[in-house]
Amino acid sequence: MSTDYSPEGLLAFLKEAAMAGRMNPATARSRLQAAQRLFAQLTTVERADLRQLDVSTLVTRCQKVDSTMRPEVLRVYEKRMRDALTDYFRFVENPDQFVASASERRSASARRTRTQEEQALERAKLSITNARPDVIPVPLGGDEVVYIQNLPTDLSAAQARKIIRVIEAFVDAPEEAEE
């Protein structure tokens with residue numbers, strides 16, 4: 001029986017649970033994303049043993065450090081983190097009898113082992129969850145993508161116009177004349 005109560009253990013559990021069909025993949029991905037964001041502020045004691053973690057305190061700490069995270073997002077992350085920890089602790093205590101709390105409501109016919117193809121697809125989806133939610137990709141066409149970061153949550157129209165003017169200053173005028 002594994003007694004790994006580390007953040008890495010929880011993250012591995014969420015990935016494995018989604019791929020193996022132990023948990024709804026969308027639920028596992030959302031919990032994984034919440035954990036990855038909140039784990040950046042873990043203390044040494046919390047990092048050594050997640051049973052020592054007070055999720056409310058962690059969320060408060062995250063809010064103080066990263067003011068770009070909106071309170072409603074933090075509340076969602078807090079709930080997801082609590083659910084993830086509950087399921088993970090139950091899994092560590094009895095992996096053979098584990099059934100995810102969210103999937104307990106599903107019918108028995110809905111529970112099945114995923115095929116290798118489904119597992120590969122889920123693995124691919126999980127690999128792209130590392131995208132930061134505060135970074136906004138803006139595809140320009142072709143392979144070009146511009147990333148916008150640190151926009152205030154209360155951006156005003158005047159501030160948006162100011163940002164637009166700065167970006168317009170980078171326009172290469174001779175190319176524009178050709179169009």
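This briefing walks through the fold, the helix packing around α5 and a few individual residues. The model is a predicted one, with a mean pLDDT of 80 for the protein chain. The chain contains eight helices and two strands, and three helix pairs, each involving helix α5, are described below. After the pairs come F89, Y5, E46 and L155, each with its place in the chain and its contacts.

**Overall fold and confidence**

- Along the sequence, the elements of the protein chain come in the order α-α-α-α-α-α-β-β-α-α.
- The protein chain has 179 residues, of which 30% count as buried.
- Among contacts in the protein chain with a separation of 6 or more, 60% join residues that are 24 or more positions apart.
- A pLDDT of 70 or more is reached by 77% of the residues in the protein chain.
- The pLDDT falls below 50 over residues 103-111, a stretch that has eight contacts in the model beyond near neighbours in sequence.
- Where pLDDT is low, it is wise not to read the predicted coordinates in detail.

**Helix α5 with helix α4**

- Helix α4 covers residues 55-65 and helix α5 covers residues 71-93; their axes come within 10 Å and cross at roughly 145°.
- This crossing of α4 and α5 is right-handed.
- On the α4 side, the contact is made by V55, S56, V59, C62 and Q63, and on the α5 side by P71, L74, E78, M81, R82 and L85.
- Sorted by class, the α4 and α5 contact holds seven nonpolar, two polar and two charged residues.

**Helix α5 with helix α1**

- Helix α1 spans residues 7-20, and its axis comes within 10 Å of the axis of α5, with a crossing of roughly 90°.
- Angles of 65 to 115 degrees count as roughly perpendicular, and α1 and α5 are therefore roughly perpendicular to each other.
- From α1, the residues making the contact are G9, L10, F13 and L14, while α5 supplies M81, A84, L85, D87, Y88 and F91.
- In the contact of α1 with α5 there are eight nonpolar residues, one polar residue and one charged residue.

**Helix α5 with helix α2**

- Helix α2, residues 25-38, packs against α5 at an angle of about 105°, and the two axes are 8 Å apart.
- With that angle, α2 and α5 are also roughly perpendicular to each other.
- The α2 residues in the contact are S30, R31, Q33, A34, A35, R37 and L38, and their α5 partners are L74, Y77, R80, M81, D83, A84 and D87.
- The classes represented in the α2 and α5 contact are seven nonpolar, two polar and five charged residues.
- M81 of α5 is listed in the contact with α4, in the contact with α1 and in the contact with α2.

**F89 and Y5: a link across the sequence**

- F89 sits in helix α5, whereas Y5 lies in the segment before α1.
- F89 and Y5 are 84 residues apart along the chain, and their C-alpha atoms are separated by 7.7 Å.
- F89 is buried because its relative accessible area of 18% falls under the 20% cut-off.
- Y5 is buried too, with a relative accessible area of 10%.
- Not counting residues up to four places away in sequence, F89 touches Y5, L50 and R51.
- Leaving aside neighbours within four places in sequence, Y5 is in contact with A48, D49, L50, R51, Y88, F89, V92 and E93.
- Y5 and R47 are 42 residues apart along the chain, with a separation of 8.6 Å between their C-alpha atoms.

**E46: a buried charged residue**

- E46 belongs to helix α3, which covers residues 44-48.
- At a relative accessible area of 6%, E46 counts as buried.
- Residues touching E46, not counting those up to four places away in sequence, are Q41, Q52, L53, D54 and R61.

**L155: a loop residue**

- L155 is found in the loop between β2 (144-149) and α7 (157-168).
- The relative accessible area of L155 is 33%, so this residue is partly exposed.
- Apart from neighbours within four places in sequence, L155 is in contact with A160 and I163.

Notes. Residues are numbered from 1 along each chain as its sequence is written. This is a predicted model: local features need pLDDT of at least 70, side-chain atom pairs count only at pLDDT 80 or more; totals for chains, interfaces and linings use all residues. Side-chain values use heavy atoms; hydrogens and water are left out. Axes are lines fitted to C-alpha atoms, for helices over the stretch in contact, and angles run from 0 to 180 degrees between N-to-C directions. Helices (H or I, at least four residues) and strands (E, at least two) are DSSP runs, numbered from the N terminus. A crossing is left-handed if the near helix is turned anticlockwise from the far one by less than a right angle, and right-handed if clockwise. Contact means heavy atoms within 4.5 Å. Ala, Val, Leu, Ile, Met, Phe, Trp, Tyr, Cys and Pro count as nonpolar, Asp, Glu, Lys and Arg as charged, and the others, Gly among them, as polar. Angles under 35 degrees count as roughly parallel, over 145 as roughly antiparallel, 65 to 115 as roughly perpendicular and the rest as oblique. pLDDT is the predictor's confidence in each residue, from 0 to 100. Buried means under 20% relative accessible area, exposed over 50%, partly exposed in between (1.4 Å probe, protein chains only).
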